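Here are a few notes to help you find your way around this structure. Have it open beside you and take the points in order.

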Protein chains: 4
Amino acid sequence: MPSMMKAAIFVEPGRIVLDDKVVPDIGPLDALVRITTTTICGTDIHILKGEYPVAAGLTIGHEPVGIIEKLGSAVTGYEEGQRVIAGAITPSGHSNATLSGCGSQCGAGTRHGWKPLGGWRFGNTIDGAQAEYLLVPDAMTNLAPIPDGLTDEQVLMCPDILSTGFGGAEAGRIRIGDTVAVFAQGPIGLCATAGARLMGASTIIGVEAIAARAVISRAMGADHVVDFSKEDPVAEIMRITDGRGVDVAIEALGRQETFEAALRVLRPGGTLSSLGVYSQDLRIPVAAFAAGLGDHRIVTTLCPGGKERMRRLMEVVASRRVDTGALVTHRFPLDDIEAAYDLFAHQRDGVLKVAITP
Amino acid sequence: MPSMMKAAIFVEPGRIVLDDKVVPDIGPLDALVRITTTTICGTDIHILKGEYPVAAGLTIGHEPVGIIEKLGSAVTGYEEGQRVIAGAITPSGHSNATLSGCGSQCGAGTRHGWKPLGGWRFGNTIDGAQAEYLLVPDAMTNLAPIPDGLTDEQVLMCPDILSTGFGGAEAGRIRIGDTVAVFAQGPIGLCATAGARLMGASTIIGVEAIAARAVISRAMGADHVVDFSKEDPVAEIMRITDGRGVDVAIEALGRQETFEAALRVLRPGGTLSSLGVYSQDLRIPVAAFAAGLGDHRIVTTLCPGGKERMRRLMEVVASRRVDTGALVTHRFPLDDIEAAYDLFAHQRDGVLKVAITP
Amino acid sequence: MPSMMKAAIFVEPGRIVLDDKVVPDIGPLDALVRITTTTICGTDIHILKGEYPVAAGLTIGHEPVGIIEKLGSAVTGYEEGQRVIAGAITPSGHSNATLSGCGSQCGAGTRHGWKPLGGWRFGNTIDGAQAEYLLVPDAMTNLAPIPDGLTDEQVLMCPDILSTGFGGAEAGRIRIGDTVAVFAQGPIGLCATAGARLMGASTIIGVEAIAARAVISRAMGADHVVDFSKEDPVAEIMRITDGRGVDVAIEALGRQETFEAALRVLRPGGTLSSLGVYSQDLRIPVAAFAAGLGDHRIVTTLCPGGKERMRRLMEVVASRRVDTGALVTHRFPLDDIEAAYDLFAHQRDGVLKVAITP
Amino acid sequence: MPSMMKAAIFVEPGRIVLDDKVVPDIGPLDALVRITTTTICGTDIHILKGEYPVAAGLTIGHEPVGIIEKLGSAVTGYEEGQRVIAGAITPSGHSNATLSGCGSQCGAGTRHGWKPLGGWRFGNTIDGAQAEYLLVPDAMTNLAPIPDGLTDEQVLMCPDILSTGFGGAEAGRIRIGDTVAVFAQGPIGLCATAGARLMGASTIIGVEAIAARAVISRAMGADHVVDFSKEDPVAEIMRITDGRGVDVAIEALGRQETFEAALRVLRPGGTLSSLGVYSQDLRIPVAAFAAGLGDHRIVTTLCPGGKERMRRLMEVVASRRVDTGALVTHRFPLDDIEAAYDLFAHQRDGVLKVAITP
């Protein structure tokens with residue numbers, strides 16, 4: 001194992017560069033994973049643009065696929081050389097939040113054991129996955145062995161977007177026979193569509209203007225794709241549902257327009273499941289909210305993590321219930337990650353997700 | 001049975017008057033109930049002020065206690081002379097909404113069986129309870145016999161505020177050991193406090209500036225009452241919870257300030273259970289909402305109705321788990337209901353709820 | 001409309017005969033439906049054999065597809081001539097059980113509003129569907145219009161076996177990524193398999209010895225089908241799950257062996273969802289039950305009914321999420337229903353379900 | 001810190017003796033707790049009698065209250081000298097079971113992360129709490145600081161019987177207005193009664209023949225106590241509920257008679273929540289089980305553990321919602337623990353729980 005490695009480092013707003021970094025030492029509960037494949041997330045672009053602040057010098061990335069290089073002295077149940085993934089969110093296992101089933105808000109080490117977004121550590125509060133090596137904290141809680149026969153790319157969506165997208169469907173408590181709308185069919189919206197399909201929704205309506213994404217949306221389970229650039233999505237969804245509205249509306253963009261449209265298409269008693277990252281205050285229109293008397297639910301979900309979550313998601317992939325293959329549109333070696341960022345940040349060439357291989 | 005009766009009728013904004021009205025004929029599924037006690041709700045004041053529109057000539061009121069005078073030809077399982085209540089919300093029993101467990105949004109007769117607020121009929125879409133006689137639609141779904149030994153006043157809060165307040169606690173899914181804040185300790189907030197106590201919350205914080213209500217709040221189960229006129233309720237609740245925030249925050253007023261404060265005191269992963277009737281768009285501050293990544297839930301509840309709900313609430317009263325006696329602060333004969341409206345609308349003399357007896 | 005009709009009538013154990021019967025008069029809440037297609041259920045065979053007692057002279061059958069011939073005077077929202085189905089279970093809509101979301105145990109007219117199996121009326125406590133005409137009680141609660149474009153046979157499984165099978169998956173609270181075993185792949189077990197697939201189970205194991213059923217089992221969603229006549233199903237399921245056991249085991253036969261095997265393959269914390277009709281006391285082996293300390297759940301489900309349930313199931317069929325076409329293996333005119341009973345009771349010729357058309 | 005300590009050690013069936021033992025060394029994730037108070041559980045009596053096998057030489061006991069003596073090298077967030085409790089069940093925090101919210105079946109170190117009863121380690125698979133010092137594994141997951149102002153005896157019931165009893169009420173999903181029966185009012189049944197009361201049950205019926213326990217049962221929340229030695233509890237509960245049966249029946253003894261009676265008093269759609277430890281196969285009477293068609297649920301619960309659970313329970317105690325003071329009927333120094341076992345095993349002198357102080 002070398003002492004130095006390449007890593008994609010946040011320098012200042014507008015600059016993420018590949019640079020040399022010391023391979024980290026690990027503590028007793030950690031593992032060192034040699035990254036074999038990783039990817040770039042929309043959140044990384046927020047970081048790049050300075051919209052989400054992280055420390056200068058931090059390695060970016062939270063979607064690791066790799067091989068265990070070294071295990072902390074107190075870690076049992078794993079072997080060096082095992083192929084593993086870890087979730088984007090790495091709950092400690094022992095915080096009050098984790099023990100309450102809400103590891104995304106894990107506050108291990110804080111007084112109360114809860115911290116908003118505290119489970120998101122990779123590429124946020126500790127060095128991330130866009131590097132040759134990654135320190136995985138609380139390794140026994142977070143390392144999930146990859147089942148035999150699955151390639152890196154097959155499991156690459158599990159750490160974040162599959163978990164997030166399914167999480168949106170799950171938080172919406174979709175039931176057999178539900179009608180569901182999913183606003184935006186980017187990577188997370190597409191996974192939410194797949195999740196809605198998996199949970200038994202009988203009518204799924206994607207909202208998306210990019211034709212290539214509409215095609216994938218249908219492949220992931222959408223029955224209808226509404227092109228919001230050509231028609232009013234609220235009116236069109238009400239038409240498709242014969243005026244009834246949807247049981248569950250999933251917001252997968254993070255904007256006022258989609259949040260509001262999601263609320264407007266909800267039937268009374270319906271659920272708005274929000275996955276978007278909002279950068280501004282949100283407005284709830286009082287009429288769409290039935291003055292607070294419509295028995296509506298608005299729920300938000302941060303990507304669920306932990307090894308059991310990852311195990312389940314990989315089972316879904318292994319069983320061929322969902323195929324995320326179409327989501328990987330481009331591939332780059334780690335050495336070219338700056339080009340990958342450029343492509344992804346500008347959403348050129350129909351990019352959905354890129355695979356980065358050190 | 002006389003052919004004419006007294007009823008409190010909405011004439012125009014600013015005017016609800018007691019006038020003569022024909023005792024209604026009933027259809028095969030209806031019942032005619034002779035009202036023995038009813039009350040005035042905050043919503044009735046919204047109607048009085050013209051803030052919530054209803055048809056001119058409508059009888060107001062949705063909280064009936066009375067005696068079955070007459071049963072529709074298809075109604076079985078009841079007897080004339082039985083003492084009964086009906087919920088403020090009268091689901092049909094056969095709409096898709098009712099059959100989905102969401103009778104408050106009952107749309108019997110509509111194409112899809114859902115209609116926002118459709119279950120609220122008394123004093124909204126049909127004549128209400130502030131009268132000598134009340135037609136109860138879908139009587140078999142809605143009439144709940146009063147257990148022996150309970151007085152009218154003991155069950156008078158069941159049709160609306162007890163059901164609503166408990167509904168807020170239930171929608172918050174309060175668990176044993178939770179910390180709960182309830183914003184505003186008016187009649188509904190007080191019942192939400194009682195509901196939180198009944199469900200096992202171990203710390204309950206009421207927010208209220210009126211001293212007399214603070215006293216009742218403690219009697220209903222609050223451990224702390226924060227006087228928002230003297231201290232910032234958000235800061236004070238964070239102090240009481242040692243910086244942790246609350247598991248569930250119940251909004252029982254219907255204003256931006258309380259909605260927002262409720263969100264600000266929530267721990268990550270917590271639930272804002274909203275009971276208020278809002279008259280303006282609501283704003284969700286992005287920081288308090290953790291940019292949509294805090295695993296928060298916002299749920300709204302319209303008073304659950306139907307005879308099974310009423311049966312359960314009366315069981316709670318009969319078992320002395322909750323005593324709503326302190327809520328009835330004033331009593332008027334129906335003949336003086338205009339004076340009662342005057343008192344209640346202006347919140348004079350420490351009024352909480354008034355008992356009206358024809 | 002004729003005054004007399006043909007109906008399959010229970011005479012005595014061993015004898016169900018086609019005979020003439022008066023077309024029923026309907027009450028204000030009823031509808032008369034002209035049956036266009038119906039079927040025979042395993043329960044009807046229990047009745048035929050005298051294992052489940054019903055009154056002599058009762059018309060059998062609880063799976064109606066037909067056309068509204070006549071509506072009761074108090075029924076609104078429907079038209080004569082509409083194509084409809086009704087569930088095998090017909091909750092009243094207004095019983096305490098229905099209002100509690102448990103219409104299968106509907107006790108309308110009883111003192112408390114609950115009655116074991118009380119929602120099952122067709123072919124049990126009132127005349128059933130194997131006839132030219134059927135009286136549907138509480139029509140507004142139970143009649144579900146058939147969406148355009150669906151044939152009788154496409155919706156024929158909705159009233160009972162699809163609702164029951166899905167109900168078993170739902171009661172098991174199957175989650176994305178679960179491993180599920182379904183014991184017996186008769187009509188109900190096959191629908192439970194389809195339900196498990198619809199809810200996102202990633203590994204589904206059917207247990208069945210009949211080769212033709214194994215083929216359909218795979219088509220409905222099973223990943224593995226264990227032939228219990230050739231191998232021990234408990235051992236084989238433990239092998240398939242690598243010793244882990246299943247998250248949910250569905251019993252769809254009604255025997256001690258399958259109930260017990262279902263318990264033995266459950267992981268700790270798992271759920272046994274039971275759909276079978278048992279004719280004898282059941283034994284829970286203490287070891288498989290972890291002495292009562294395994295956090296196990298055993299849940300039973302009687303076919304959920306009511307028009308909202310039927311609407312949802314028909315949506316699932318219309319959306320092509322599930323195809324029950326392969327379940328209809330034989331077709332008979334009503335005039336030959338005795339032959340159909342003979343075939344079905346003896347399970348000849350690979351029969352799964354028969355379509356009966358008056 | 002001395003190198004030797006006193007400990008209550010299982011020698012062979014019939015013999016638990018106080019003997020000297022080496023104070024354990026701790027690993028990086030462990031803590032050493034100096035026990036200040038502990039108690040004896042019914043399960044310990046099963047061990048004493050040889051009915052539940054443990055290794056010879058094992059220290060017994062799973063209900064620790066004490067002071068942190070020493071922390072493992074990887075443990076953060078605690079200080080030596082802190083007063084703490086740990087649950088009877090000590091989930092690892094990082095097993096798949098724990099991460100699924102089912103830490104009682106924690107299988108850390110096993111291949112799949114699940115193991116029946118695997119979370120129960122103290123006095124079962126590792127040395128227990130009836131000693132001067134206790135090694136607490138996975139300390140960060142399990143050590144819960146005692147709030148200021150609570151005495152040892154006030155929190156002594158939290159590690160096991162309060163968690164178990166409340167767990168039975170929670171698993172029964174008791175709702176406001178429910179009617180609940182609790183079979184047996186020993187320490188766990190009494191805590192289940194308290195849990196039912198805390199969750200809002202409006203009628204609670206304890207079943208118990210010992211007069212002193214009946215008195216405490218009423219203090220913990222029972223409205224009725226049925227003396228099964230004087231009247232048939234099934235008949236009496238049906239009489240009290242006016243023939244309706246109960247919504248939830250909690251079994252807190254572990255015998256066929258109580259299990260069966262619990263099932264017989266359930267209304268259709270009700271839940272049997274089982275807490276008992278069964279030593280023989282159980283029989284489900286087919287009639288009481290409505291042939292499997294009654295929409296019944298049977299759920300079992302092993303004492304939930306982990307520091308968040310303990311924190312919540314201590315909050316309940318601190319808020320005076322429940323007072324377990326009456327449960328401690330006897331007190332012994334650790335030196336006299338053999339006498340305590342003798343008293344407790346023979347249930348002499350009205351003993352409920354004993355406090356043991358090293």
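1. Let us begin with how two of the chains are related. Please keep in mind that this is a predicted model. Chain C can be superposed on chain A by a rotation of 180 degrees with 0.0 Å of shift along the axis, and the RMSD is 0.0 Å. That is the relation of a two-fold axis. If you would like to find this axis on screen, look for C:Met199: in chain C, its C-alpha is the one nearest the axis, 2.1 Å from it. The two copies use the same surface, as 100% of the contact residues of chain C recur in chain A.

2. Now for the contact between those two chains. On the chain C side there are 17 residues, and they meet 17 residues of chain A. Which elements of chain C give two or more residues to this side? They are helix H5 (158–171), helix H6 (187–198) and helix H10 (307–318). H10(C) provides the largest share, with 4 residues. Sorted by class, the chain C side has 6 nonpolar, 6 polar and 5 charged residues.

3. Chain A also meets chain B, and this is worth a separate look. Here 40 residues of chain A are in contact with 40 residues of chain B. On the side of chain A that touches chain B, the elements giving two or more residues are strand S12 (266–274), strand S13 (282–284) and strand S14 (297–300). That side of chain A is made up of 19 nonpolar, 15 polar and 6 charged residues.

4. How are chains A and B related? A rotation of 180 degrees, with 0.0 Å of shift along its axis, places chain A on chain B with an RMSD of 0.0 Å. Once again the same surface serves both copies: 100% of the contact residues of chain A recur in chain B.

5. Next, step inside chain A. The domain assignment divides it into domain 1 (4–86 + 122–156 + 324–357) and domain 2 (164–300), so do notice that domain 1 is written as several segments. The C-alpha centres of these two domains of chain A are 30 Å apart. Their contact draws 8 residues from domain 1 and 7 residues from domain 2. On the domain 1 side, 3 residues are nonpolar, 3 are polar and 2 are charged.

6. Helix packing in chain A makes a good close-up. Two packed helices are described by the angle between their axes and the distance between the axes. For helix H6 (residues 187–198) and helix H7 (residues 211–220) of chain A, the axes come within 8 Å and cross at roughly 25 degrees. Since angles under 35 degrees count as roughly parallel, H6(A) is roughly parallel to H7(A). The crossing of H6(A) and H7(A) is right-handed. H6(A) contributes A:Leu190, A:Thr193, A:Ala194 and A:Arg197 to the contact, and H7(A) contributes A:Ile216, A:Ser217 and A:Met220. By class, these residues are 4 nonpolar, 2 polar and 1 charged.

7. You can finish with the matching pair in chain C. What is the angle between H6(C) and helix H7 (residues 211–220) of chain C? The two pack at about 25 degrees, with their axes 8 Å apart, and that makes H6(C) roughly parallel to H7(C). H6(C) and H7(C) pass each other in a right-handed crossing. In this contact, C:Leu190, C:Thr193, C:Ala194 and C:Arg197 of H6(C) meet C:Ile216, C:Ser217 and C:Met220 of H7(C).

Technical notes. Residues are numbered from 1 along each chain as its sequence is written. Chains are lettered from A and ligands numbered from 1 in the order in which they are written. This is a predicted model: local features need pLDDT of at least 70, side-chain atom pairs count only at pLDDT 80 or more; totals for chains, interfaces and linings use all residues. Ala, Val, Leu, Ile, Met, Phe, Trp, Tyr, Cys and Pro count as nonpolar, Asp, Glu, Lys and Arg as charged, and the others, Gly among them, as polar. Copies are superposed by least squares on the C-alpha atoms of residues with pLDDT of at least 70 in both. Axes are lines fitted to C-alpha atoms, for helices over the stretch in contact, and angles run from 0 to 180 degrees between N-to-C directions. Angles under 35 degrees count as roughly parallel, over 145 as roughly antiparallel, 65 to 115 as roughly perpendicular and the rest as oblique. A crossing is left-handed if the near helix is turned anticlockwise from the far one by less than a right angle, and right-handed if clockwise.
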